[in-house]
Structure formats: C-alpha cells, structure tokens
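Reader: I would like a close look at one part of this chain, with the rest brought in where it helps. Here is the model I am working from.

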Amino acid sequence: MTKKDNSKFTTMKNIVSLCKRRGFIFQSSEIYGGLRSCYDYGPLGVELKKNVKEEWWKSMVHRRDDIVGLDCSIIMHPKVWEASGHLSGFTDPLVDCRNCKERFRADHAPVVSAGTEVEYKEGGKSKGKKITAIVGEQGYVCPNCGSCDLSDERLFNLMFRTNMGVVDPTQEIANRIDDLAKLDKDERRAELSKMIAKSAVYLRPETAQGMFVNFLNITQSSRVKLPFGIAQMGKSYRNEVTPGNLTFRTCEFEQMEMEFFVKPGEDDEWYKYWHKERYNWYLNLGISKERLRMRDHDEDELAHYAKGCADVEYFFPFENADGEGEWAELEGVANRTDYDLKKHSEHSGKNLLYFDQDTGEKFTPYVIEPAAGADRATLAFLCDAYCEEEIKEGDVRTVLKFDPRLAPIKAAVFPLVKKDGMPEKATDIHKELLAAGINSQYDQAGAVGRRYRRMDEVGTPWCITVDGDTNEGKGVTVRERDSMEQERIPVEGIVDYVKDRMLKTD
RNA sequence: GCGGGCGUAGCUCAAUGGUAGAGCACCACCUUGCCAAGGUGGAUGUCGAGGGUUCGAAUCUCUUCGCCCGCUCCA
C-alpha cells in the first residue's frame with residue numbers, strides 16, 4: 001500500500017492530535033492558556049526536526065567541498081536591516097475599511113483622486129443600501145467594496161524590536177512626557193521612535209543577511225573560490241499578520257538557508273541546478289512525488305531584486321474551503337542577483353568585490369539562494385508519513401512511514417512475553433543498540449501486537465523481538481514497519497543490521 | 001486585526017440552570033508464544049481563564065486567552 005492511497009484519511013486534525021498524544025508538538029505555555037503561534041517540540045518532535053536539519057546540513061555542507069557553514073548571532077547591527085531594506089520594507093501602512101471591515105495595504109488600493117464621487121453598498125454586501133460619498137484626501141478607496149469611509153493609515157512593523165543596553169528607553173520617555181504631550185500626533189511618534197531607536201535592535205527576520213555581511217570574512221579566511229556557498233541554519237522572527245496551521249506559519253521559526261555565490265553570467269545555470277537539487281532533496285528523503293512540486297513565480301510575484309524565483313511546494317492536508325488540502329511553500333529558490341552584496345557595500349562603505357585570480361577581474365558575485373523552513377519541512381515529512389491503513393476488516397493501524405534517517409526512534413526491542421529470561425535478553429540488546437548510538441526503546445507492556453502498533457504510530461522502522469528460540473542461539477526476529485514482515489537474524493548482527501538499513505538511501 | 005465557527009479527562013466526544021460522564025489511551029498485576037480492542041484493580045478534570053446574573057452556572061451574560069475557516073503576508 002502506498003502513502004498516496006491513504007491521503008483521503010489524513011486531515012490536519014489527525015496530525016495535531018497525534019502530535020500532542022505522542023509528544024511531537026505541543027502548544028507553547030499550554031498551562032497558561034497557550035501563546036498564539038508558538039509551539040514546542042516534544043521528545044519525538046525534537047528528534048524528527050534534528051534529523052531533518054542534520055540531513056540538510058549533510059547534503060549542503062558535509063557531502064560537498066564548495067559550501068561552508070556559518071552560525072550568526074540573531075541580533076545584528078541595525079544598519080544591516082537598513083541596508084537589506086527590511087527596516088523600511090517591513091513597514092507597510094495598513095488601512096481598515098469602516099464599511100466592510102476589510103484591512104488592506106494603502107499602496108495596493110485603487111487610486112481615486114480626492115473630491116471624486118463614488119458609490120458603494122452599505123456593509124459591502126450586494127444587497128446593501130446604496131451610499132454615495134466623496135473621496136477624501138487619502139486618494140484611494142477600499143479594494144473590496146469601493147468605500148471611501150476608511151481609517152487612517154497605520155504602521156505595522158513586521159520585525160521584532162527589542163532594546164540592547166541596561167538603560168531602558170522608557171526612562172527617557174518618562175522624563176520627557178510633558179514635552180511630548182505638546183506635540184501633534186505625527187511629531188510625537190517621530191520623537192518617540194528616535195528615543196527608542198537609540199538602543200533598538202531587531203531579531204533577524206531571515207538568516208540570509210548573516211551570510212552577506214560575513215562574505216568578506218569568509219573569502220579571507222577560508223580560501224574559497226567561486227562558485228561557493230555559505231550555509232546556515234537558525235531561528236528567525238517575523239510578526240506575521242496571520243499565523244496558523246500548527247507550525248507551518250509561526251512568528252518564531254527556523255530556517256535552513258544557503259547563499260551560493262557565482263560569477264555573473266553563470267547565474268542562470270546555477271539557478272537551474274539548485275532548482276533541481278532542492279526538489280530532489282525532499283524526494284530522496286521520502287516525500288511523495290504526487291504531493292511535491294516546483295512552482296515558478298510569475299513576473300509580478302518576484303521581489304524587486306530577484307531575477308527568478310521558484311517555490312518547492314508540498315500539498316498539505318490543511319482544511320480549506322474546498323476541504324481538499326492546499327499547496328504551500330516549503331522552500332524558495334531565488335536568484336537574488338548582486339543586490340544584497342551591493343547594498344551592503346554601499347551602506348558599510350566596504351569593498352565586497354570578488355577578485356578572480358585567474359582572469360584578474362573584480363566583480364560583485366551573483367547569488368542563488370535556496371531558503372528552506374526547517375519547521376515546514378519537518379511538518380511536511382510528518383504529514384507525508386502519516387497513514388491509516390486497514391489491515392483487515394475493522395482493524396486500522398496508524399503508522400508514520402518516515403524514512404529511517406528521519407525516524408525519531410530507530411529501533412524498539414521487545415521480549416515476546418515477560419518470562420523465561422526474555423526481558424533480560426531484550427534489555428541487553430536494547431543497551432547494545434544505545435551504546436552504538438542508535439536511538440532504541442525497550443517495551444514489555446501488553447501484548448506484542450499492541451507494542452508493534454505503538455511503534456508504528458511514532459514511525460519506528462524496526463522492532464526486534466526476543467522469543468523462546470533466542471536463548472537457543474536462533475537469533476531474534478526483526479519486524480519491518482511498512483511491510484509488517486519479519487526476518488530472523490543472529491543476535492550478534494543486530495547493530496550492523498540496523499546501521500546497514502539506515503544507510504540504505506533508496 | 002475584522003467576520004464566522006469552536007474550547008468539558010492524554011485523545012475523540014456526551015451531559016433540560018440542580019452530585020461532571022463514556023469510549024479509547026494510560027499505570028499495576030494476571031493472561032498472552034508474533035500484529036490493536038482478554039480478566040481484575042487504579043489514577044485522571046480548578047468544564048480554557050476572569051467577572052456578572054442566580055438559592056444554585058459546564059449550561060445564561062460580559063471580558064479575555066487560545067484553536068479552526070475566510071481577508072492579508074510570507075520560509
């Protein structure tokens with residue numbers, strides 16, 4: 001039975017329920033009522049995510065000699081965000097429509113010059129009473145209902161701001177509160193911003209800038225030659241307007257990003273290369289082909305600096321209006337051109353050119369960036385692994401068909417029954433697996449069939465059972481998760497058996 | 001943030017304003033000799049949180065927090 005056959009059984013509700021029940025993902029601060037958009041990885045979740053990250057690091061850094069690793073601080077110099085455009089670009093004025101309650105971006109609204117008479121329906125409903133009004137100074141109308149009854153434009157900063165230093169900015173604000181009260185609203189806000197900005201720092205909204213600002217350090221310390229890449233995994237933070245779908249969209253999230261520097265002119269070729277490479281990474285780790293696709297961005301969808309961009313998308317079992325699931329982005333592969341290095345060169349005044357020893361040329365490299373979400377990848381592997389299989393009439397088992405490399409627990413050891421020295425023998429084997437660095441679990445509770453099912457539910461690939469023949473030198477049985485078939489192998493060969501099977505990647 | 005739906009045991013869900021329940025899961029012992037639902041016993045809830053109405057609130061009401069769906073944004 002393939003995973004695809006079971007897709008109709010999977011809903012996000014089942015995944016969330018399993019995650020909580022078995023300790024993959026919990027809501028943050030749950031005993032206090034939970035915190036919006038924040039989640040904790042439980043004992044099994046942390047193993048799964050760690051395995052995903054490890055596979056990414058191996059494929060990006062350890063198995064290649066043209067990419068080096070990096071781990072930057074989350075808080076960086078505020079000028080980094082000025083240069084990258086995040087400080088301004090993350091600040092979009094939003095407007096609420098008082099008529100239909102829609103919120104929209106002022107710069108995306110239909111332009112209607114002030115003084116023009118417009119008609120729209122009350123409440124934005126087609127049956128609503130007709131209203132005629134004159135457009136005010138704002139010079140645009142609601143994109144949803146056409147109303148000009150709008151709130152002021154308001155700023156929403158999408159970066160997390162905090163302050164560094166022992167003196168809190170509220171002290172200065174308190175000292176100057178009387179002066180501030182005399183100013184008008186805009187002036188007051190500008191003054192306050194100035195006071196806060198003195199000590200303001202930001203949590204990074206992406207890890208990428210760390211690679212760009214360390215470009216010089218790395219070229220000078222690591223003897224790298226074009227084309228080469230810098231890879232980094234780590235937490236990033238964004239005030240998302242609408243988080244949701246478990247760990248898919250959260251304000252705190254972990255990225256796996258790599259900036260690949262190439263000679264201008266060779267960028268298209270490398271873009272295609274990473275396009276393919278990144279798609280295959282997911283497939284190789286067992287994601288169903290039917291639920292994975294590459295989607296090229298339309299021209300108008302591209303960021304202003306990007307020459308090309310494609311998303312690796314997974315068909316998640318999110319419940320939407322159609323009730324059918326939804327294609328959603330796991331990773332973006334973008335050609336960022338020389339935009340970032342040039343911007344940082346301008347703002348820092350440092351020379352970030354690459355000197356080609358062979359040709360004697362100096363130029364700013366182009367950058368191809370595969371930027372993946374570690375939490376999203378983890379969630380995709382979890383959703384894709386989830387199956388409910390009908391073994392026989394009325395007997396359904398829940399099984400997570402993880403690739404063994406990703407499985408949180410690699411092997412479980414059981415005594416067939418709790419007597420005749422079987423628990424002791426099984427414990428010895430379990431300890432031997434642990435000593436070999438294989439994450440193993442021992443279980444003797446209940447019937448053996450139930451123990452197999454328990455392990456199916458958390459995706460353990462192999463269950464090793466000690467039976468009456470084991471002590472007669474006839475070895476143990478190994479039961480394979482997906483096929484449920486068993487084979488008998490010698491006790492001495494168990495560690496090697498598990499190790500061999502884990503290395504098998506196809 | 002706005003609109004709609006929802007919050008009861010670990011999970012799925014019951015319970016006319018009148019003593020909080022079931023199934024599964026869990027723990028112990030027995031049984032079990034290779035694929036869940038066998039026997040006996042056991043633990044479990046400030047009914048999401050905080051106010052209000054009432055003799056009495058899981059139930060009515062207000063506020064708040066969280067989740068799901070739509071709008072918007074993105075890895």
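With which residue does Arg278 form a salt bridge, and how far apart are the closest N and O atoms?

Author: This is a predicted model, and what follows should be read as such. Arg278 pairs with Glu331, and the closest N and O atoms of the two are 2.7 Å apart. Arg278 belongs to helix H10 and Glu331 to strand S16, which covers residues 326–337, so the salt bridge ties together parts that lie 53 residues apart in sequence. In general, side chains of opposite charge can pair when their charged atoms come close.

Next, the surroundings of the pair. Arg278 has a relative accessible area of 1% and is therefore buried, the cut-off being under 20%. Glu331 is at 0% relative accessibility, so Glu331 counts as buried too.

Helix H10 runs over residues 267–284, and Asp267 is found in it. Asp267 has 2% relative accessibility and for that reason counts as buried. Leaving aside residues up to four places away in sequence, Asp267 touches Val262, Lys307, Asn335, Tyr366 and Ile368. Of these, Asn335 falls within the residue range of S16, the strand that also holds Glu331.

Another residue to place here is Arg376, in helix H12 (residues 374–385). Its contacts, again not counting residues up to four places away in sequence, are Phe248, Arg249, Phe316, Glu329 and Leu330. Glu329 and Leu330 are within the range 326–337 given for S16. Arg376 and Pro317 are 59 residues apart in sequence, and their C-alpha atoms are 13 Å apart in space.

The Arg278 pair can be set beside other salt bridges. A search of the whole structure finds 37 of them. One of them joins Arg336 to Asp340, with the closest N and O atoms 2.9 Å apart; Arg336 and Asp340 are both buried. Another links Asp403 with Arg405, where the closest N and O atoms are 2.9 Å apart, and here too both residues are buried. There is also a network: Glu172, Arg176, Glu191, Lys194 and Lys198 are joined through salt bridges that share partners.

Some charged residues belong to a surface patch instead. Glu424, Asp428, Glu432 and Glu492 form a negative patch on the surface. Glu492 sits in the loop between strand S26 (486–489) and helix H15 (494–503). With 65% relative accessibility, Glu492 counts as exposed, since the cut-off is over 50%.

Backbone geometry is worth checking as well. Most residues other than glycine have a negative phi, and most peptide bonds are trans. Arg223 has a phi near 50 degrees, a positive value in a residue that is not glycine. Asp420 likewise has a positive phi, of about 55 degrees, without being a glycine. Arg223 is in the loop between H9 and S12, and its relative accessible area of 80% makes Arg223 exposed. Asp420 is in the loop between strand S22 (411–415) and helix H13 (422–435); with a relative accessible area of 61%, Asp420 is exposed.

The loop that holds Arg223 also contains a cis peptide bond. This bond runs from Leu226 to Pro227, with omega near -10 degrees. Pro227 is found in the loop between helix H9 (215–221) and strand S12 (228–237). Ser221 is found in helix H9 and is exposed, with a relative accessible area of 56%. Ser221 and Met159 are 62 residues apart along the chain, and their C-alpha atoms are separated by 32 Å.

Last, the chain as a whole. Chain A has 15 helices and 26 strands. It is 506 residues long, and 47% of these count as buried. The accessible surface of chain A comes to about 25800 Å², and carbon and sulfur atoms account for 49% of that. Among contacts in chain A between residues at least 6 apart in sequence, 65% join residues at least 24 apart. The salt bridge asked about can be read in that setting: Arg278 in H10 and Glu331 in S16 are 53 residues apart in sequence, and the distance between their closest N and O atoms is 2.7 Å.

How values were computed. Residues are numbered from 1 along each chain as its sequence is written. Chains are lettered from A and ligands numbered from 1 in the order in which they are written. This is a predicted model: local features need pLDDT of at least 70, side-chain atom pairs count only at pLDDT 80 or more; totals for chains, interfaces and linings use all residues. Side-chain values use heavy atoms; hydrogens and water are left out. Helices (H or I, at least four residues) and strands (E, at least two) are DSSP runs, numbered from the N terminus. Buried means under 20% relative accessible area, exposed over 50%, partly exposed in between (1.4 Å probe, protein chains only). Contact means heavy atoms within 4.5 Å. Patches are made of residues with over 30% relative accessible area and no salt bridge: like charges are joined within 9 Å, nonpolar side chains (Val, Leu, Ile, Met, Phe, Trp, Tyr) within 5 Å. Accessible areas come from the Shrake-Rupley method with a 1.4 Å probe; for residues, only the protein chains shown count as cover. A salt bridge is a side-chain nitrogen of Lys or Arg within 4 Å of a carboxyl oxygen of Asp or Glu. Lys and Arg count as positive and Asp and Glu as negative; His and the chain ends are not counted. The place of a charge is taken as NZ of Lys, CZ of Arg, CG of Asp or CD of Glu.
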